[in-house]
Amino acid sequence: SNDVNEIGGMFGYADGPTRIERSHILVEVRGEDDIGGVVGRSSSTLTLTNVRVDGVPRGNENVGGAVGRSSSTLTLTNVDRDGNTDGEEFLGGLLGSADGGVVSLSGIRVLDGEVNNGDDVVGGLIGIVSATNATLHDVTVEDPTGSWSVNGDDENTGGLIGVVATG
């Protein structure tokens, strides 16, 4: 059983302000909940700038290609994502779940890959956003091989976002 939570390619759990810049992360991580290609879970301000994430994060709930779960301010700028993301609920190609603070995504490129095995709340980019405010600017899905797909079995599946509940 994969009963390990909060796993990331760089940080499993970021509980203080965290900034990651100019990084190329090759990742193969597997766990249960809060699984991300860069950060599994963040409960404080998280900033990723000029980051590329290649590889496959796998888990059950709150699984994202870059960030599994963010519960505070999240800023992603010039982030490229290439590779599959596998999980069941709150699953996104870039971000599994954003459930607090302000979310700002700018200069995002999803290059290739699949979002697989999703049951509920599945998005090609983000599984669920229930933040105070969310802004997406200059988000591109490029699919040079024709293999990009989003697979959700039940409800709340979207090509970009599974569920948006901001306010």
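Two strands count as paired if DSSP finds at least two bridges between them. Strands themselves are DSSP runs (E, at least two residues), numbered from the N terminus, while helices are runs of H or I with at least four residues. With that in hand, here's a walk through the model.

This is a predicted model, so to speak of local features we need pLDDT of at least 70, side-chain atom pairs count only at pLDDT 80 or more, and totals for chains, interfaces and linings use all residues. Residues are numbered from 1 along each chain as its sequence is written, and side-chain values use heavy atoms, with hydrogens and water left out.

**The overall picture**

The protein has zero helices and 20 strands. Its C-alpha atoms fill a box of roughly 35 × 35 × 35 Å along the principal axes. Of the 167 residues, 50% count as buried, meaning under 20% relative accessible area (exposed is over 50%, partly exposed is in between; 1.4 Å probe, protein chains only). Take the contacts (heavy atoms within 4.5 Å) between residues at least 6 apart in sequence: 83% of them join residues at least 24 apart. About 6800 Å² is exposed, and carbon and sulfur atoms supply 41% of that; the area comes from the Shrake-Rupley method with a 1.4 Å probe, and for residues only the protein chains shown count as cover.

**A run of parallel pairings**

Strands of a sheet pair through backbone hydrogen bonds, either parallel or antiparallel. Here is how one series of neighbours lines up:

| Pair | Sense and bridges |
|---|---|
| β6 (residues 46-58) and β9 (residues 74-82) | parallel, eight bridges |
| β9 and β13 (residues 102-112) | parallel, eight bridges |
| β13 and β17 (residues 133-141) | parallel, eight bridges |

You can follow the register residue by residue. Thr 47 has Thr 75 in β9 as its bridge partner, and Thr 75 in turn stands opposite Ser 104 in β13. Arg 81 faces Val 110 of β13, and Val 102 sits opposite Asn 133 in β17.

**The open sheet**

There's also an open sheet of six strands, in the order β1-β4-β7-β11-β15-β19, with parallel pairing. Its edge strands are β1 (7-8) and β19 (157-158), each of which pairs on one side only. At the β19 end, β15 (residues 120-123) joins β19 in the parallel sense over two bridges, with Gly 123 opposite Gly 158.

**Two aspartates in β4**

Asp 33 belongs to strand β4 (residues 33-36), and Asp 34 lies in β4 too. In a regular strand the side chains alternate between the two faces of the sheet.

Asp 33 counts as partly exposed because its relative accessibility is 22%. Beyond its neighbours within four places in sequence, Asp 33 touches Val 4, Asn 5, Glu 6, Asn 60 and Glu 61. A polar atom of the Asp 33 side chain lies 3.3 Å from the backbone nitrogen of Glu 61. Arg 58 is 25 residues from Asp 33 along the chain, and their C-alpha atoms are separated by 9.3 Å.

How far away is the nearest side chain of opposite charge to Asp 34? That side chain is Arg 41, at 4.4 Å, and Asp 34 is buried yet has no salt bridge. A salt bridge needs a side-chain nitrogen of Lys or Arg within 4 Å of a carboxyl oxygen of Asp or Glu; for charge, Lys and Arg count as positive and Asp and Glu as negative, with His and the chain ends not counted. Leaving aside neighbours within four places in sequence, the contacts of Asp 34 include Glu 6, Ile 7, Gly 40, Arg 41 and Arg 69.

Terms used:
Polar contact = N/O pair within 3.5 Å; in protein donor to acceptor, adjacent residues only side chain to side chain.
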